[in-house]
Amino acid sequence: MRLIVSLLILAHAVWAYNYNDILLNVQSRIYPKILLLEENFMQRHQNRPVVLTVVHEKEDDGIAAQVVQKINEIYGKKLGDLPFVVENITFDDIDTHHRSDAYYLLKGSEEDIKKAVQVARKQKVPVFVYDFDDLAYGGTIALTVRRTTVIYMNRKAMPWIPRFNQALYAIVRFIDV
Amino acid sequence: MSNKSQRSLSTTLTGYVAIMGIVILSATFFLFEHYGKKVLYDIEKEKADLITQMFAPQIGVNLYLGMEDRVIEVLEQLVHQKEVAGVNLYRGSEKIHSYQNEKKTDTGDVIKVLTPIYQPGGTRQLGKLELLYKSDNYQRMLTQLTRMLLIFIVALAFFYLFMVYLIRRRLYPLKKLANSLANYDAQNPVSIERSSQDREIGQIEEAVGTMQEKIGEYTEKLTHMNESLYTQVEEKTKALWEQLYTDSLTGLPNRKAMMEDLLRLDTALLAIVNIDDFTEINDLYGHHAGDEILKQLGAKLTSMGFDKVYRASGDEYVIVIKKAFTSESAMIELKRLREAIGRSKFAFEENQIDLRVSIGASIEYVPTIEQADMALKEARKQRVPLMLFSPNWRLEKRYKENIEWISEIKSALKEGRIVTYGQPLYDLRQKRVKGYEMLMRLVKRDGTVVSPFHFLPLAQKTHYYPEMTRRVVEQSCAYFADRKDLTFSINLSVEDILNTETIEFIKTKIEEYHVSNRIIFELLESENIELYPEVAAFVEEMKNLGCQIAIDDFGTGYSNFSYLMTLKVDFLKIDGSLIKNIHRDRNLEVIAETIIDFAHKLNIKTVAEFVSNDQVCHKAHQMGVDIVQGYHIDEPKPLNELEKPRENLPVCL
């Protein structure tokens with residue numbers, strides 16, 4: 001039995017993605033704030049909780065839970081003056097019936113990422129991605145931490161997301177993928 | 001002419017230019033200091049603001065997102081701008097980032113701009129960005145502006161000097177013209193050439209030249225006119241002098257010339273030659289004949305070689321021989337003159353007229369025309385043709401007159417012709433005649449009334465005088481004995497008071513007629529009454545009887561006021577010489593006022609004598625005189641006419 005459990009864990013560890021804790025931390029702290037930079041964000045969410053959905057592969061369930069926990073620690077379930085709810089969901093479970101104000105996509109296959117992006121585009125909400133490369137599959141905003149912190153914005157994805165404060169556009173780097 | 005108007009036009013104009021320059025300079029300085037510097041500073045500050053505004057949103061969003069490394073990156077970008085000296089970022093009051101540009105400012109001065117950093121899209125302040133902007137550019141622009149200002153000042157100074165030069169140069173022809181005209185003389189005109197290119201100044205120069213010519217012509221005409229007028233005036237003056245001092249008929253010096261010449265005459269024979277019965281010549285032959293004879297006699301006298309011959313009046317000539325004469329030699333000369341005239345032939349038309357003359361002459365040390373006239377009258381009186389003036393005639397005449405007056409006084413006393421007249425004393429306060437001053441008069445046998453002025457001084461030297469005084473006292477007391485509402489005053493001299501018999505007589509009469517409280521004794525101030533103890537004793541005695549004392553003619557001598565109090569005087573009669581012109585002489589008015597004021601303070605009443613008209617009367621009244629007396633009030637009248645009412649009272653009463 002002990003062997004079986006150990007093998008399962010190993011197998012799970014083999015199939016799970018690797019994540020950079022620092023990047024996760026930075027993204028957990030910055031992505032919700034970017035959400036607040038949407039134009040007329042507060043007016044659009046009068047007394048309605050802001051929902052951020054962390055989307056992940058089934059194998060990254062633990063990471064997703066950590067991310068949710070991390071965001072809740074940082075924001076204390078309040079974004080600005082609005083109630084803030086952070087959920088997680090797997091790429092398999094996500095569909096157009098799921099409602100959210102933004103999606104934070106952890107690592108996933110190209111199909112999964114595109115699927116989540118389609119769902120977000122239908123709802124006209126931004127898609128934050130963990131992996132910079134996922135911008136190529138339709139992610140809206142990515143963030144890297146190298147020498148300095150850099151926010152990237154996918155110019156091609158902009159028609160499907162709300163407009164952000166001009167100040168954000170001043171600091172982001174636009175990319176065309 | 002004031003100095004201001006004498007200031008040269010060029011100085012005034014350059015002064016105006018200088019004032020204008022100073023005004024422009026002051027305005028420029030003012031604009032530079034108050035606006036120029038500020039504008040430059042504001043421009044630089046705006047640049048700094050612009051830079052800050054450019055970077056602030058990035059810093060804001062980075063701060064908001066918590067991207068500290070991006071904040072630092074932006075701040076480093078900012079501090080590397082060449083105009084930025086440094087940048088500070090504050091969170092609250094805490095400085096969280098500070099960067100300095102390695103390239104220092106030239107001057108070390110910076111322009112600080114502090115901008116708040118807000119959350120993007122929100123109003124929450126995330127911090128403050130302080131930009132230290134280099135003021136190098138500002139200082140550089142300031143230096144350039146200062147340099148421009150200095151260049152402007154120098155240009156202005158050159159402009160001023162150029163204007164001064166230009167003004168002086170353009171006005172030089174005028175100055176030259178003025179200098180030329182300073183020595184202008186109508187006789188020697190100044191040569192003026194047209195030297196100015198300016199049309200106006202050239203016209204002035206031409207006009208001055210033309211004016212000079214005209215002035216020259218007028219001056220010449222005026223000179224001729226003046227010369228002619230001077231000659232005419234001189235001739236006329238000479239004619240007038242001749243007319244003034246020359247007898248038009250005979251051509252001899254006239255009486256005026258004679259009177260002036262005689263003022264300078266000393267030892268000489270002065271004779272008046274008068275034609276006897278000249279009126280008969282006029283009557284027989286007419287006035288033309290008379291005039292002709294006068295001319296011929298004048299010519300005759302002139303031909304006789306006397307030092308001076310004058311026609312004094314009508315048929316009288318005066319001759320002067322300037323040398324010393326004895327009575328005998330003078331008489332010989334006068335006889336020779338008379339005979340010469342007697343021998344001469346005087347004719348009018350075909351009628352020969354013989355002339356006889358009478359001559360009166362004087363050979364006194366300083367002979368006078370009066371002496372010669374007196375001699376002529378004496379000659380006529382004695383019916384002799386010639387007479388020399390004798391100085392003894394005057395003494396003899398006076399002695400004779402004195403004898404006649406003494407005889408007249410004696411007979412007048414004997415025949416009762418020493419009489420008393422009264423002149424009213426009008427009380428201005430009570431508005432009535434208060435009393436009379438009793439005056440002595442001598443009535444001659446022919447009825448002529450003579451004033452004491454003519455005989456009293458002589459009478460006082462005779463033994464008749466006390467009796468004359470007693471007559472006045474007797475008549476006055478008797479007249480006023482029953483007129484108890486009237487006072488009367490009697491003039492007493494020191495001689496009267498020193499005469500004990502007269503004093504006794506007076507006391508007796510006062511007692512007899514009961515007039516002690518109405519009689520007033522007038523004493524003359526001029527007689528030095530204060531020096532006589534007898535006068536004081538008399539006054540005291542009379543005052544004890546109830547009589548009153550008046551000082552007559554007060555104010556004429558060296559008035560000693562103290563004795564007025566000693567004698568307890570009741571009236572002061574201000575002398576007529578002070579009163580008669582009081583209405584037109586301020587000095588007399590002041591003296592009279594002083595006397596009146598003084599008298600009133602001593603409770604002494606004042607009497608103004610010689611009140612001769614309404615103006616004097618009004619003035620006396622106005623000055624506070626109590627009583628007035630004089631011909632304007634009424635003239636002295638004999639006792640029997642004394643109380644006849646006057647027909648018309650003077651206006652002033």
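Which domains does the domain assignment of chain B give? Keep that in mind as you go through these close-ups of a predicted model.

**View 1. Chain B is split into domains.** The domain assignment gives domain 1 (7-156), domain 2 (255-390) and domain 3 (417-641) in chain B. Take domain 2 of chain B and domain 3 of chain B, and look at their C-alpha centres: these lie 53 Å apart.

**View 2. Five strands of chain B make an open sheet.** Reading across the sheet, you meet the strands of chain B in the order β6-β7-β5-β10-β11, and the pairing is mixed. Now check the two edges, where β6 (308-313) and β11 (386-388) of chain B stand. Each has a single partner strand, so one side of each has no neighbour in the sheet. On average, neighbouring strands here are turned by 20° against each other, direction ignored.

**View 3. Here β6(B) meets its partner β7 of chain B.** Strand β7 of chain B covers residues 316-321, and β6(B) pairs with it in the antiparallel sense over five bridges. To find your way along this pair, look for Val309(B), which has Ile319(B) of β7(B) standing opposite.

**View 4. Helices α8 and α9 of chain B go with the strands you just saw.** Helix α8 of chain B (residues 287-303) packs on the sheet and touches β5 (269-275), β6 and β7 of chain B. Compare directions and you get about 5° between α8 and β7(B). Helix α9 of chain B (residues 327-343) lies across β5, β7, β10 (357-362) and β11 of chain B. This helix, α9 of chain B, runs at about 155° to β11(B).

**View 5. Over in chain A, eight strands form an open sheet.** Their order in chain A is β2-β3-β1-β4-β5-β6-β7-β8, with mixed pairing. At the edges you'll find β2 (78-79) and β8 (173-175) of chain A, each pairing on one side only. Zoom in on β6 of chain A (residues 141-145): this strand and β7(A) pair in the antiparallel sense over five bridges. Within that pair, Leu143(A) stands opposite Ile151(A) in β7(A). Helix α5 of chain A (residues 110-123) packs on the sheet, where it touches β4 (102-105) and β5 (127-129) of chain A. The direction of α5 of chain A makes about 170° with that of β4(A).

**View 6. This is where chain A and chain B touch.** On the chain A side 15 residues are in contact, and they meet 13 residues of chain B. Together the two chains bury about 1200 Å² between them, 60% of it on carbon and sulfur atoms. How many salt bridges does the rule find across the interface of chain A and chain B? Zero. The rule does find five residue pairs in polar contact across the interface of chain A and chain B. On the chain A side, the elements that give two or more residues are α2 (21-36), β7 (149-154) and α6 (166-171) of chain A. The largest share of that side, five residues, comes from α2(A).

Conventions. Residues are numbered from 1 along each chain as its sequence is written. Chains are lettered from A and ligands numbered from 1 in the order in which they are written. This is a predicted model: local features need pLDDT of at least 70, side-chain atom pairs count only at pLDDT 80 or more; totals for chains, interfaces and linings use all residues. Side-chain values use heavy atoms; hydrogens and water are left out. Domain bounds come from an automatic or database domain assignment. Two strands pair if DSSP finds at least two bridges between them. Helices (H or I, at least four residues) and strands (E, at least two) are DSSP runs, numbered from the N terminus. Axes are lines fitted to C-alpha atoms, for helices over the stretch in contact, and angles run from 0 to 180 degrees between N-to-C directions. Contact means heavy atoms within 4.5 Å. Buried area is the accessible area (1.4 Å probe) that two parts lose on being put together, summed over both. A salt bridge is a side-chain nitrogen of Lys or Arg within 4 Å of a carboxyl oxygen of Asp or Glu. A polar contact is a pair of N or O atoms within 3.5 Å; within protein, one must be able to donate a hydrogen and the other to accept it, and residues adjacent in sequence count only if both atoms are side-chain atoms.
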